[in-house]
Amino acid sequence: MRQLLTRAKSLSLAATVLILTAVGSGASAQQNEPTLQTVPVPAAAPLANGTANAAALDLEPAPAVNAATLTQLVARQPQGEEVSSEINCLAGAVYFEARNETLDGQLAVARVVVARSRSGRFPDSYCGVVYQPSQFSFIHGGMMPVINHASAGWHRALAIAEIAHDGSWQSPVEGAMFFHSARISPRWHRQRVARIDNHVFYR
């Protein structure tokens, strides 16, 4: 009988030790368990494609394009509205350099002016780029020739200038900052991008 009581006490003591050990282990595990924290993502965090959030950088996104072709987009540009002197300078370059070319050719010329103004290597305005000495052959004595503002060619040039400024239609020569007439062959050590109509474009 004494042996049974002694054995029972031993078993009871062992069970108590096991319970206390289990409780202690549980508390320890709970203390060591990592807590999840929500880390806010900065507004200007890079997106998956490496570009930055336009809203966070305070940039206006390019307007939505509801046109299947560049011709449709040109036709949808507002007419008769007053435009800035900068758009007038950009449209002037299109008008005198490419008004008899396709819309792709006109847009390519306009995008060169836009690219120059944003490059840091040329004046930082469209008028500055267009009127920079020895850059555009239609500028004489620091002046642009007279433009027939009632002509269809001028209205197309204005529409192309707005599209080029907004970046709402991609040109095949994006990034080009130089061009020359296809009639000549200057010895330029530049990267050729493409020929469109009567102009050859380079980076």
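Aspartate 197 sits in the loop between β2 (192–196) and β3, and although this residue is not a glycine, its phi is positive, at about 55°. Its relative accessibility of 27% puts aspartate 197 in the partly exposed class, because that class starts where buried ends, at 20%. Keep in mind that this is a predicted model. Here's the rest of the picture, from the overall layout down to the pockets.

**Overall layout**

- The protein chain has 6 helices and 3 strands.
- Reading from the N terminus, the order of elements is α-α-α-α-α-α-β-β-β.
- Of the chain's 203 residues, 33% count as buried.
- If you take the contacts with a separation of 6 or more, 59% of them link residues 24 or more positions apart.

**Another positive phi**

- Serine 134 also has a positive phi, about 65°, and it isn't a glycine either.
- You'll find serine 134 in the loop between α5 and α6.
- With a relative accessible area of 78%, serine 134 is exposed, since the cut-off for exposed is over 50%.

**Helix α4**

- Helix α4 covers residues 103–117, which makes 15 residues.
- From first C-alpha to last, α4 reaches 21 Å, close to the 21 Å expected at 1.5 Å a residue.
- Burial is the thing to note here: 14 of the 15 residues of α4 are buried, so the rest of the structure largely encloses this helix.

**Helix α3**

- The 14 residues of α3 should span 20 Å at 1.5 Å a residue, and the end C-alpha atoms are indeed 20 Å apart, so the two agree.
- α3 is mostly covered, with 10 of its 14 residues buried.
- Among the buried residues of α3 are Ile87, Cys89, Leu90, Val94, Tyr95 and Glu97.
- The cover over those buried residues includes α4, α5, α6, β1 and β3.

**The nonpolar core**

- As a rule, nonpolar side chains in soluble globular proteins tend to be buried together.
- The largest nonpolar core here holds 47 residues, and Leu70, Leu90, Val113, Ile160 and Phe201 touch the most other members.
- At least two residues of this core come from each of α2 (70–75), α3 (85–98), α4, α5 (126–130), α6 (152–166), β1 (178–181) and β3 (199–202).
- α4 makes the largest contribution to this core, with 9 residues.
- Setting aside neighbours within four places in sequence, isoleucine 160 is in contact with Leu70, Val74, Val94, Leu103, Gln106, Leu107 and Ala110.

**Tyrosine 95**

- Tyrosine 95 belongs to helix α3.
- At a relative accessible area of 8%, tyrosine 95 is buried, because anything under 20% gets that label.
- Beyond its neighbours within four places in sequence, tyrosine 95 is in contact with Ile147, Asn148, Ser151, Gly153, Trp154 and Ala157.
- C-alpha to C-alpha, tyrosine 95 and isoleucine 160 are 9.7 Å apart in space, with their positions 65 residues apart in sequence numbering.

**The largest pocket**

- The largest pocket comes in at a volume of about 440 Å³.
- There are 21 residues lining this pocket, and the closest to its centre are Glu97, Phe179, His180, Ser181 and His199.
- α3 and β1 are the elements that give two or more residues to the lining of the largest pocket.
- By type, the lining of the largest pocket splits into 8 nonpolar, 8 polar and 5 charged residues.
- Glu97 turns up on two counts: it is one of the buried residues of α3, and it is among the lining residues closest to the centre of the largest pocket.

**The second largest pocket**

- The second largest pocket holds about 240 Å³ of space.
- Its lining has 14 residues, with Pro78, Gly80, Glu81, Val83 and Leu158 closest to the centre.
- α6 gives the largest share of the lining of the second largest pocket, 5 residues.
- Sorted by type, the lining of the second largest pocket has 5 nonpolar, 6 polar and 3 charged residues.

Methods
Residues numbered from 1 in each chain as written. Predicted model: local features only at pLDDT ≥ 70, side-chain atom pairs only at ≥ 80, totals over all residues. Heavy atoms only, no water. Helix = DSSP H or I, 4+ residues; strand = E, 2+ residues; numbered from the N terminus. Expected span 1.5 Å × (residues − 1). Buried < 20%, exposed > 50% of the residue type's maximum accessible area, 1.4 Å probe, protein only. Core = buried A, V, L, I, M, F, W, Y, C linked by side-chain atoms within 4.5 Å. Contact = heavy atoms within 4.5 Å. 1 Å grid on protein atoms, 1.4 Å probe; cavity = no way out; pocket = protein on both sides within 12 Å on 5 of 7 lines; lining within 4 Å. Points joined across faces, edges and corners; volume = space filled by probe spheres on them. Nonpolar A, V, L, I, M, F, W, Y, C, P; charged D, E, K, R; others polar.
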